[in-house]
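Work through the exercises below with the model open. Try each task before reading its solution.

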Amino acid sequence: MANQTATENLTAQRIVVLDFGSQYAQLIARRVREQNVYCQILRHDLSADRIAELAPKGIILSGGPSSVYAEGAPQCDPQLFNLGIPVLGICYGMQLACEALGGKIDHTPSREYGPAKCSISDQNVLFRGLPESIDVWMSHGDQVSAISDVFKSLAETQTCPYAAIAHRELPIFGMQFHPEVTHTPLGGQILRNFVIDVCGCEGTWHLGDFAHAAIEQIRSLVGKNRVICGLSGGVDSSVVAALLYKAIGPQLSCILVDNGLLRKDEQVTVIQEFTNHFKTDLHVVQAEDRFMETLDGISEPQEKRKRIGYAFIDCFKEEALKIKDAHFLAQGTLYPDVIESGADPDGPAATIKLHHNVGGLPEELGFELIEPLRDLFKDEVRRLGLELGLPESLVWRHPFPGPGLAVRCLGEVTREKLKVLREADSIVVNEIKAAGLYRETSQSFAVLLPVQSVGVMGDARTYDNAIAIRSVKTDDFMTADWSRLPYDLLARISTRIINEVAGINRVCYDISSKPPATIEWE
Ligand code: XMP
């Protein structure tokens with residue numbers, strides 16, 4: 001795979017987060033990047049030597065679900081405290097620092113979870129510019145109950161005597177609360193104080209510069225060759241295409257596979273939006289029949305996904321092979337994909353989400369892979385899209401799963417059911433947009449339930465299907481809460497769907513959060 005790190009100068013000053021299994025590790029990294037400082041997530045057990053080689057300006061030890069004294073609890077290399085690089089331990093990370101450098105960690109009788117008032121007794125550099133009392137978010141079982149003489153206390157809460165501590169001589173800090181979550185409103189300032197004032201980062205991570213560097217890098221990598229880019233209408237592939245177009249213009253060919261599982265008018269919109277912005281070589285593969293054939297009689301969700309994945313590869317391959325002189329294939333891999341797939345040998349190896357991303361295609365076709373977004377989080381991709389001149393409507397489009405409407409049409413997928421779902425979905429999305437709530441929700445759509453129930457319409461009895469409305473708010477799509485849509489809006493959506501979409505006589509609102517439910521129904 002080609003090395004596409006287009007950002008070497010921009011990432012020279014970096015903070016690393018060692019991940020001890022925290023649900024917030026990515027959030028910490030994003031918050032650091034909001035300070036215009038590049039931040040990378042690494043394995044918790046990376047050796048101090050390797051960390052020294054990477055030469056970060058600062059190290060953040062994340063929280064984690066374990067107890068530091070538990071057998072098999074994830075540890076860091078204790079030598080990292082001797083590297084002279086500033087360290088900030090958050091929650092479990094603080095407990096590790098105390099364990100390594102002297103202190104006592106106790107199991108609190110009840111797990112502390114939720115808001116707390118934190119009194120700052122020592123402004124120190126970490127709390128510079130903050131008021132004496134701040135709101136913080138706690139989420140821990142254990143806490144530090146005694147510190148050794150090398151540490152001093154900086155802050156406390158009613159139940160936590162060492163809410164924040166600092167080493168007396170070394171640039172080592174710890175905090176029991178979570179500065180990275182929005183429930184700690186001044187947490188951004190604390191992280192800023194750490195990365196800028198303690199670590200001395202200059203804030204060189206800017207997406208405008210990134211675009212510039214990435215374009216230069218793509219040009220030198222690609223030379224006079226042709227690049228193929230799959231287009232889905234989603235943000236990631238559009239931003240990749242925009243970046244490539246800026247870099248190599250006419251050497252770019254895009255492929256859009258219409259699998260018949262797209263939303264209402266989606267193909268037309270994507271083509272329009274795209275050709276309005278770029279005069280690129282766009283290949284649209286009309287493949288509805290092929291997908292319907294492979295889905296015929298199949299109702300098991302994973303089997304549907306698999307068949308759709310294979311059909312997509314076949315269609316894409318056929319089209320790609322028609323494009324002469326293509327040497328590269330561009331993909332919209334993002335940083336969370338890199339972390340979660342274990343593609344970074346220094347990164348935390350997590351399990352790959354089975355349903356996401358089709359692998360193997362570039363190798364099979366003999367293409368070299370270009371992944372210009374592999375250093376970026378989703379919110380950065382959006383901002384980059386705007387930098388590159390993509391319209392807000394495209395940049396802020398809700399994510400749409402690769403298997404499309406097939407996973408929202410429960411059970412067997414047929415053309416008739418898709419037609420019904422498409423109409424209902426378009427009403428849900430358009431009404432949410434009209435109410436000005438599209439940007440406030442993270443993903444909103446309709447699901448067709450193959451459940452027949454009785455109704456009356458006019459004087460006639462009906463026995464029709466139901467539509468579920470799903471609308472969630474989330475930062476990372478790994479957890480999500482259902483959107484509190486106004487009743488009037490829900491009423492309007494329901495009335496319109498029942499009146500306008502033949503075959504539906506009942507509408508329900510999905511009020512499950514994730515976990516335990518998932519965002520998609522299949
Ligand atoms: P779940 O349903 O797992 O969804 O809570 C989390 C996010 O992932 C999207 N999703 C998919 N995306 N292929 C995709 O490309 C898939 O098979 C798939 N399944 C879920 C989902 O829309 C949500 O944004």
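A salt bridge is a side-chain nitrogen of Lys or Arg within 4 Å of a carboxyl oxygen of Asp or Glu. This is a predicted model: local features need pLDDT (the predictor's confidence in each residue, from 0 to 100) of at least 70, side-chain atom pairs count only at 80 or more, and totals for chains, interfaces and linings use all residues. Residues are numbered from 1 along each chain as its sequence is written, and side-chain values use heavy atoms, without hydrogens and water.

**Exercise 1.** Find the salt bridge partner of Arg 307 and place both residues.

Step 1. Arg 307 pairs with Glu 303; their closest N and O atoms are 2.8 Å apart.
Step 2. Both lie in helix H9 (residues 301-322), four residues apart, about one turn of the helix. Helices are DSSP runs (H or I, at least four residues), as are strands (E, at least two), numbered from the N terminus.
Step 3. Arg 307 is partly exposed because its relative accessibility is 29%. Buried means under 20% relative accessible area, exposed over 50%, partly exposed in between (1.4 Å probe, protein chains only). Glu 303, at 25%, is also partly exposed.

**Exercise 2.** Which parts of the chain do Glu 522 and Lys 304 link?

Step 1. Their side chains form a salt bridge, 2.7 Å from N to O.
Step 2. Glu 522 sits in the segment after strand S18 (504-509) and Lys 304 in helix H9, 218 residues apart.
Step 3. Glu 522 is buried at 17% relative accessibility. Lys 304 is buried at 0%.
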